[in-house]
Amino acid sequence: MVQYPGLRSICYRSCSMDRSRIRIAIVDDDESVRKALKRLLRAANLDADTFASGRDFLDSLAAQLPDCIVLDLHMPGMNGLDIQQHLARSGQRMPIVIITGHDEPLARAQCLSAGAAAYLRKPIDDEALLDAIHRAAGVARSSTV
C-alpha cells in the first residue's frame, strides 16, 4: 500500500542543492531491514545513513540533516510517530516516508495528517520506496531554489 497525501513545499535548509546525491536517513530497529534498504538506496545512487533507534537518529541531526527520512513506525522507545512529532515540534521540516509491518488505519491517518510524505507497508516494494523518496526529496529540494 502506498499513500501520498498532497505533498507540500518543505524548506528546511538551503545547502540541499550543493550536493549531487540525495542523502537518506533510514531509521529502523531491525538490522536486516536497515542493511537491505541501505543496499537498495546505494544501488539507486542515493547516500544512506542508518540508525537503530529514534534517539540515535535525533542525536545525529546536529551533525547533518538528511534530505529524506525512511522511518519505521513500530520501534521500541520512540516510535515513528513520536519521532515525527518531535521533529515537527522542534521545527525540523524534513520529508518522511513511513514504513511499517503492521498497517493500522489510525496510525496511517495520524502519520499522514502529521505530514508524512508517504506511508508504505512491509514488505516494501523497491520501486514504490524509491518513487516515494524521490517525490518527497524532490519537493524538498525544489522548495529551496
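Q: Where does Val33 sit?
A: In this predicted model, Val33 lies in helix α1, which spans residues 31-43.

Q: Is that side chain buried or exposed?
A: Val33 counts as buried, because its relative accessibility is 18% and the cut-off for buried is under 20%.

Q: What is Val33 in contact with, leaving aside its neighbours within four places in sequence?
A: Once those neighbours are set aside, Val33 is in contact with Asp28, Ile99 and Lys122.

Q: And how far is Val33 from Ile124?
A: The two residues are 91 apart along the chain, and their C-alpha atoms are separated by 10.0 Å in the model.

Q: Asp28 came up as a contact, so where is Asp28 found?
A: Asp28 belongs to the loop that runs between β2 and α1, and with a relative accessibility of 0% Asp28 counts as buried.

Q: What does the side chain of Asp28 reach?
A: It reaches the backbone nitrogen of Asp30, at 2.8 Å.

Q: Which residues does Asp28 touch further off in sequence?
A: Not counting residues up to four places away in sequence, Asp28 touches Val33 and Arg34, then Phe51 and Ala52, and also Asp72, Met75, Ile99 and Lys122.

Q: Let's go to β2: how many of its residues are buried?
A: Strand β2 covers residues 23-27, and five of its five residues are buried, which leaves the strand mostly covered.

Q: Which way do the β2 residues point?
A: Arg23, Ala25 and Val27 point one way from β2, while Ile24 and Ile26 point the other way, and all of them are buried.

Q: Why the alternation?
A: Side chains in a regular strand alternate between the two faces of the sheet.

Q: Which strands does β2 pair with?
A: β2 pairs in the parallel sense with β3, residues 47-51, over five bridges, and also in the parallel sense with β4, residues 68-72, over four bridges. On the β3 side, Val27 stands opposite Phe51, and on the β4 side, Ile26 has Val70 as its bridge partner.

Q: What unit do β2, α1 and β3 make?
A: Together, β2, helix α1 and β3 make a β-α-β unit that is right-handed.

Q: Back to Phe51, how many aromatic pairs are there?
A: The count comes to one aromatic pair. Phe51 and Phe57 form that pair, with 5.6 Å centre to centre and 70° between the planes, an edge-to-face arrangement.

Q: Why is it called edge-to-face?
A: The planes of Phe51 and Phe57 are 70° apart, and an angle over 60 degrees counts as edge-to-face.

Q: Are those two rings' residues buried or exposed?
A: Phe51 counts as buried at 14% relative accessibility, and Phe57 is buried as well, with a relative accessible area of 0%.

Q: Zooming out, how many helices and strands does the protein chain have?
A: The secondary structure comes to five helices and six strands, and along the sequence the pattern reads β-β-α-β-α-β-α-β-α-β-α.

Q: How much of the chain is buried?
A: Of the 145 residues in the protein chain, 46% are buried. The accessible surface of the chain comes to about 7000 Å², and carbon and sulfur atoms account for 49% of that surface.

Q: What about contacts between residues 24 or more positions apart?
A: Among contacts in the protein chain with a separation of 6 or more, residues 24 or more positions apart account for 72%.

How values were computed:
Residues are numbered from 1 along each chain as its sequence is written. This is a predicted model: local features need pLDDT of at least 70, side-chain atom pairs count only at pLDDT 80 or more; totals for chains, interfaces and linings use all residues. Side-chain values use heavy atoms; hydrogens and water are left out. Buried means under 20% relative accessible area, exposed over 50%, partly exposed in between (1.4 Å probe, protein chains only). Helices (H or I, at least four residues) and strands (E, at least two) are DSSP runs, numbered from the N terminus. Two strands pair if DSSP finds at least two bridges between them. A crossover is right-handed if, with the strands pointing away from the viewer, the path from the first strand over the helix to the second runs clockwise. Rings of Phe, Tyr and Trp (its six-membered ring) pair if their centres lie within 6.5 Å; planes under 30 degrees apart count as stacked, over 60 as edge-to-face and the rest as tilted. A polar contact is a pair of N or O atoms within 3.5 Å; within protein, one must be able to donate a hydrogen and the other to accept it, and residues adjacent in sequence count only if both atoms are side-chain atoms. Contact means heavy atoms within 4.5 Å. Accessible areas come from the Shrake-Rupley method with a 1.4 Å probe; for residues, only the protein chains shown count as cover.
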